[in-house]
Amino acid sequence: INMTIEEGRKHYFGNIKFLGNTVYSDQGLSRMLGISKGDVYNGVLLEQRIADKSKPDGDDITNLYQNNGYLFSNINAVETRTYNDTIDFEIRIIEGPIAYFNKISVVGNDKTNDRVIYRELRTKPGQKYSKEQLVRTIREIGQLGFFDPEAIEPIFKNVDAGAGTVDIEYKLV
């Protein structure tokens, strides 16, 4: 099989603006994004720096917000202008209200006393939501050795943006 490939011209990042951010400065978000004007365009890298779905505790902008209580935040990159070989972007941020853990429960435990599990929980009722603490809790429950670490699943229940609360149920196998 012979294939003819026309690569075309390289494209580059142009201006990157942040809209809707009040919690973090443009400079701080720009540092976190790690992409500068003039860098070779890479759409996959841009998506990973905004929300890296392959890593629950990745170093991206979505996790920055979610680790500080902004469960309801929404971040999108939008192309605003393309000229010659340069693409300008706006990173549109809807921060939403700060969320707090409401009810925390564990289901599926038939190996040990519930208090053994509850003392490992980093997520407490009334505490500000933190994705980092949720991931850490899953790891620490898995390290107990009583449950299948790959099957530990946090289930979000009664997610209420109006009240700013979320219930978490840890499902154990």
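**Notes on a predicted model: one sheet and some aromatic rings**

1. Let's start with Glu 169, which counts as buried at 14% relative accessibility, because the cut-off for buried is under 20% relative accessible area. Keep in mind as you read that this is a predicted model.

2. Where does Glu 169 sit? Look for it in strand 6, the strand that covers residues 165-171. Its side chain makes a polar contact of 3.1 Å with the side chain of Lys 157. If you skip the neighbours within four places in sequence, the residues in contact with Glu 169 are Ser 105, Val 107, Glu 153, Pro 154, Ile 155 and Lys 157.

3. Now zoom out to the sheet around strand 6. Three strands make up this open sheet, in the order 4-6-5, and their pairing is mixed. Strand 4 (100-107) and strand 5 (153-160) are the edge strands; each has a single partner strand, so one side of each has no neighbour in the sheet. On average, neighbouring strands here are turned by 20° against each other, ignoring direction.

4. How do strand 4 and strand 6 pair? They run in the parallel sense, and six bridges link them. For a spot to click on, try Val 106: the residue opposite is Tyr 170 in strand 6. There is a helix to look at here too. Helix 5 (residues 131-142) packs on the sheet and touches strand 4, strand 5 and strand 6. The direction of helix 5 makes about 20° with that of strand 6.

5. Over to another strand: Tyr 12 lies in strand 1, which spans residues 12-19. With 27% relative accessibility, Tyr 12 counts as partly exposed. Not counting residues up to four places away in sequence, Tyr 12 touches Gly 38, Asp 39, Val 40, Tyr 41, Asp 85, Thr 86 and Ile 87. Also check Asp 88: along the chain Tyr 12 and Asp 88 are 76 residues apart, yet their C-alpha atoms are separated by 8.9 Å.

6. Next, the rings. How many aromatic pairs does the structure hold? There are eight of them. One is the pair of Tyr 41 and Phe 89, which is stacked, with 6.0 Å centre to centre and 5° between the planes. Tyr 41 belongs to the loop between helix 1 (26-33) and helix 2 (43-50), while Phe 89 is in strand 3 (residues 86-94), so this pair ties together parts 48 residues apart in sequence.

7. Are Tyr 41 and Phe 89 buried or exposed? Tyr 41 is partly exposed, at a relative accessible area of 31%. Phe 89, at 4% relative accessibility, counts as buried. Both also belong to one aromatic cluster, together with Phe 13.

8. Why is the pair of Tyr 65 and Tyr 70 called edge-to-face? The ring centres are 5.8 Å apart and the planes stand at 80°, so the pair gets that label; the cut-off for edge-to-face is planes over 60 degrees apart. Tyr 65 counts as buried at 0% relative accessibility, and Tyr 70 is buried as well, with a relative accessible area of 12%.

9. One last thing to look up: which residue lies over the face of Tyr 83? That's Arg 81, at 4.0 Å from the ring centre.

Technical notes. Residues are numbered from 1 along each chain as its sequence is written. This is a predicted model: local features need pLDDT of at least 70, side-chain atom pairs count only at pLDDT 80 or more; totals for chains, interfaces and linings use all residues. Side-chain values use heavy atoms; hydrogens and water are left out. Two strands pair if DSSP finds at least two bridges between them. Helices (H or I, at least four residues) and strands (E, at least two) are DSSP runs, numbered from the N terminus. Axes are lines fitted to C-alpha atoms, for helices over the stretch in contact, and angles run from 0 to 180 degrees between N-to-C directions. Contact means heavy atoms within 4.5 Å. Buried means under 20% relative accessible area, exposed over 50%, partly exposed in between (1.4 Å probe, protein chains only). A polar contact is a pair of N or O atoms within 3.5 Å; within protein, one must be able to donate a hydrogen and the other to accept it, and residues adjacent in sequence count only if both atoms are side-chain atoms. Rings of Phe, Tyr and Trp (its six-membered ring) pair if their centres lie within 6.5 Å; planes under 30 degrees apart count as stacked, over 60 as edge-to-face and the rest as tilted. A charge sits over a ring if NZ of Lys or CZ of Arg is within 6 Å of the ring centre and within 35 degrees of the ring normal.
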